[in-house]
Amino acid sequence: MKAPARPSKARVLHWLFETSLAIKGLLCSAEFLAGLGLLLTPNAPIARLLYWLTHYQIAEHPTDTLAAWTQRAMEGFPVATQDFYGWYLLLHGGLKLAMVVMLWARILWAYPAAMVVLSGFVIYQLFEFQHSGSPFLLLLAFFDLMMIALVWQEYKALKVKRRAKAAAL
């Protein structure tokens with residue numbers, strides 16, 4: 001019996017590209033919707049929701065750092081801050097969502113544009129990491145760097161396919 005053939009490197013990279021696009025599409029859709037939610041929801045209901053989500057945890061575990069931090073942060077969450085985060089999430093998520101849609105549609109100029117946009121996000125995340133020290137920012141930067149590499153690989157493969165198709169005509 002013949003052993004099953006291993007997928008080629010190009011096929012695996014394409015699968016990783018498609019998977020990362022799907023993940024990025026889900027995340028930026030959630031980000032876009034969260035921004036929209038922040039812009040459309042008054043400040044008081046958000047404060048009540050966060051209080052409701054955290055007060056049981058604090059009652060059971062008074063030393064719970066995350067729940068206490070969340071409540072303190074919400075106490076100082078003025079409407080102007082809510083608007084800033086709403087617009088930031090809406091625009092950041094919207095930009096990434098547009099990028100994902102164009103890459104999924106295989107629009108050739110979108111590949112270099114996506115690499116530039118993602119590079120900008122990596123620079124920003126590393127800059128913010130220096131100020132906050134949040135390892136989450138490093139994780140995001142790593143994911144975006146991997147995405148840049150996959151976009152570059154997919155861009156090269158797409159150009160080769162299109163050249164071969166044009167030569168065949």
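This report looks at the largest pocket, the largest nonpolar core and helix H4 of a predicted model.

Let us start with the pocket. About 730 Å³ of space lies in the largest one. Its lining is made up of 21 residues, and Tyr88, His92, Phe136, Leu137 and Leu140 sit closest to the pocket centre. Helices H1, H4, H5 and H6 each give at least two residues to this lining. Here is how the lining residues divide by type:

| Residue type | Residues in the lining |
|---|---|
| Nonpolar | 13 residues |
| Polar | 3 residues |
| Charged | 5 residues |

Now to the core. The largest nonpolar core holds 20 residues, and Phe17, Leu21, Leu103, Tyr111, Leu118, Met147 and Val151 have the most contacts inside it. H1, H4, H5 and H6 each supply at least two residues of this core. Val151 makes a handy place to look: beyond its neighbours within four places in sequence, Val151 is in contact with Phe17, Leu103, Tyr111 and Met115.

H4 runs from 79 to 104, and it deserves a closer view. Is its length in step with its residue count? What span should its 26 residues have? At 1.5 Å a residue, H4 should span 38 Å, and its end C-alpha atoms are 37 Å apart, which agrees. The buried residues of H4 are Gln82, Gly86, Leu90, His92, Gly93, Lys96, Met99, Val100 and Leu103. Among the elements that cover these buried residues are H1, H2, H5 and H6. An α-helix has 3.6 residues a turn, so residues three or four places apart point the same way. Just after H4, Arg106 takes a positive phi of about 60 degrees.

Notes
Residues are numbered from 1 along each chain as its sequence is written. This is a predicted model: local features need pLDDT of at least 70, side-chain atom pairs count only at pLDDT 80 or more; totals for chains, interfaces and linings use all residues. Side-chain values use heavy atoms; hydrogens and water are left out. On a 1 Å grid over the protein atoms alone, a cavity is a set of points where a 1.4 Å probe fits but cannot get out, and a pocket is an open set with protein on both sides within 12 Å along at least five of seven lines; lining residues have an atom within 4 Å of a point. Grid points are joined across faces, edges and corners, and a volume is the space filled by probe spheres set on the points. Helices (H or I, at least four residues) and strands (E, at least two) are DSSP runs, numbered from the N terminus. Ala, Val, Leu, Ile, Met, Phe, Trp, Tyr, Cys and Pro count as nonpolar, Asp, Glu, Lys and Arg as charged, and the others, Gly among them, as polar. A nonpolar core is a set of buried Ala, Val, Leu, Ile, Met, Phe, Trp, Tyr and Cys residues joined through side-chain atoms within 4.5 Å. Buried means under 20% relative accessible area, exposed over 50%, partly exposed in between (1.4 Å probe, protein chains only). Contact means heavy atoms within 4.5 Å. The expected span of a helix is 1.5 Å times one less than its number of residues.
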